Amino acid sequence: MPVLSAVYGVAIIYVTALPIAGDSHGFAGESLTWLITLTGIALTLYLVRYVEPKVFPAAKQFPLKWPKISVVIGLLLIAPLWLVAEGYIVYGLTSLAHTVQMEQLTYTADELREDLLASVHAVLLAPVLEELCFRQMAISPFRRSGAQMVVCVVMAILFGILHVRNFPGAFFSAMVYGGLFIWSRNIWFSVILHAGRNLAATLLAVYCWLQLGDMQMSKTPVIIMPDAKVLIACLLLAIVEGALLLKKKW
């Protein structure tokens, strides 16, 4: 099942990327990508809800139940800190092998416009399709937690390969999303954290374009190192979440 899920996931994500494969993305290309992705989400949801449970009864232990709004807020609050942590983890591990070439990150108005257009797909659509394909479909057929973790690692490697230059970051993110899915038994936990992470990256692009602070970036592998102000803001958001949890408002 993991192999079939991987092949299906890679194929459908490859198809969604075809409209923007050229140098110029544009609104038409992005719109077609959104349409194809929505179609892929609808097909995958049908497979997960109606087909997979019949073929693999163990998949019923991972129902498609939307979490409480408090959980959604909590995951969105912690997502920016995960984005920053991901950058530091990848930077630290890459530095053990070779020197990481960092340069100042800048954005022009045109670059920001393209990123904001692409962010509609990256925040609202891609996390749903990717989590359904690489986590729900691949992991849910297995009943034992040990087998689930093995599949989680395999799918994280494939997920990293799919992201090419961003292999380390994508791999560690996939491990977090997969672990969260196995722990919560709810794919929407992973989808929300994934979407929140991508949303935080988009907000960092705006932050950089407004020249509110200095950020460093490496292109291979893709690493974004925000300044101290962003790090403090991410920590404060995580503290707010922790305070709300302690007050049992979730």
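Reading from the N terminus, the elements of this chain go α-α-α-β-α-α-α-α-β-β-α. That adds up to eight helices and three strands. Keep in mind that this is a predicted model. The radius of gyration is 18 Å, close to the 18 Å that the globule rule gives for 250 residues, so the chain is as compact as a globular protein of that length. Laid along its principal axes, the C-alpha trace spans about 55 × 50 × 35 Å.

How much of the chain is buried? Of the 250 residues, 44% count as buried. The accessible surface comes to about 13,100 Å², and carbon and sulfur atoms own 70% of that. Contacts reach far along the sequence too: among those between residues at least 6 apart, 74% join residues at least 24 apart.

**The sheet**

The three strands make an open sheet in the order β1-β2-β3, with antiparallel pairing. The edges are β1 (103-104) and β3 (222-225), each of which pairs on one side only. Strand β2 covers residues 216-219 and pairs with β3 in the antiparallel sense over four bridges. If you want to find this pairing on screen, look at Gln 216, whose bridge partner in β3 is Met 225.

**Salt bridges**

Side chains of opposite charge can pair when their charged atoms come close. A search of the whole structure turns up four salt bridges. Here are three of them, including the N to O distances.

| Basic residue | Acidic residue | N to O distance |
|---|---|---|
| Arg 197 | Glu 86 | 3.0 Å |
| Lys 219 | Glu 103 | 4.0 Å |
| Arg 135 | Glu 131 | 2.8 Å |

Take the salt bridge between Arg 197 and Glu 86. This pair links distant parts of the chain, with Arg 197 in helix α7 (residues 187-209) and Glu 86 in helix α3 (residues 69-97), 111 residues apart. Are the two partners buried or exposed? Arg 197 has a relative accessible area of 16%, so it counts as buried. Glu 86 is buried as well, at 5%.

Next comes the salt bridge of Lys 219 with Glu 103, where the closest N and O atoms are 4.0 Å apart. Lys 219 sits in strand β2 and Glu 103 in strand β1, so this pair ties together parts that are 116 residues apart in sequence. Glu 103 is partly exposed, because its relative accessible area is 42%.

Then there's the salt bridge between the side chains of Arg 135 and Glu 131. Both residues belong to helix α4 (residues 109-139); they are four residues apart, so about one helical turn separates them. Arg 135 is buried, with a relative accessible area of 1%. Glu 131 is buried too, at 0%.

**A nonpolar patch on the surface**

Which residues form the nonpolar patch on the surface? They are Val 150, Val 153, Val 154, Ile 157, Leu 158, Ile 161 and Phe 167, and together they have about 530 Å² of accessible area. Helix α5 (residues 145-162) gives the most to this patch, with six residues. One residue of the patch to look at is Val 150, which has its place in helix α5. Why does Val 150 count as exposed? Its relative accessibility is 53%, and exposed means over 50%, so Val 150 makes the cut.

Notes
Residues are numbered from 1 along each chain as its sequence is written. This is a predicted model: local features need pLDDT of at least 70, side-chain atom pairs count only at pLDDT 80 or more; totals for chains, interfaces and linings use all residues. Side-chain values use heavy atoms; hydrogens and water are left out. Patches are made of residues with over 30% relative accessible area and no salt bridge: like charges are joined within 9 Å, nonpolar side chains (Val, Leu, Ile, Met, Phe, Trp, Tyr) within 5 Å. Accessible areas come from the Shrake-Rupley method with a 1.4 Å probe; for residues, only the protein chains shown count as cover. Helices (H or I, at least four residues) and strands (E, at least two) are DSSP runs, numbered from the N terminus. Buried means under 20% relative accessible area, exposed over 50%, partly exposed in between (1.4 Å probe, protein chains only). The radius of gyration is taken over C-alpha atoms; the globule rule is 2.2 Å times the number of residues to the power 0.38. Contact means heavy atoms within 4.5 Å. Two strands pair if DSSP finds at least two bridges between them.
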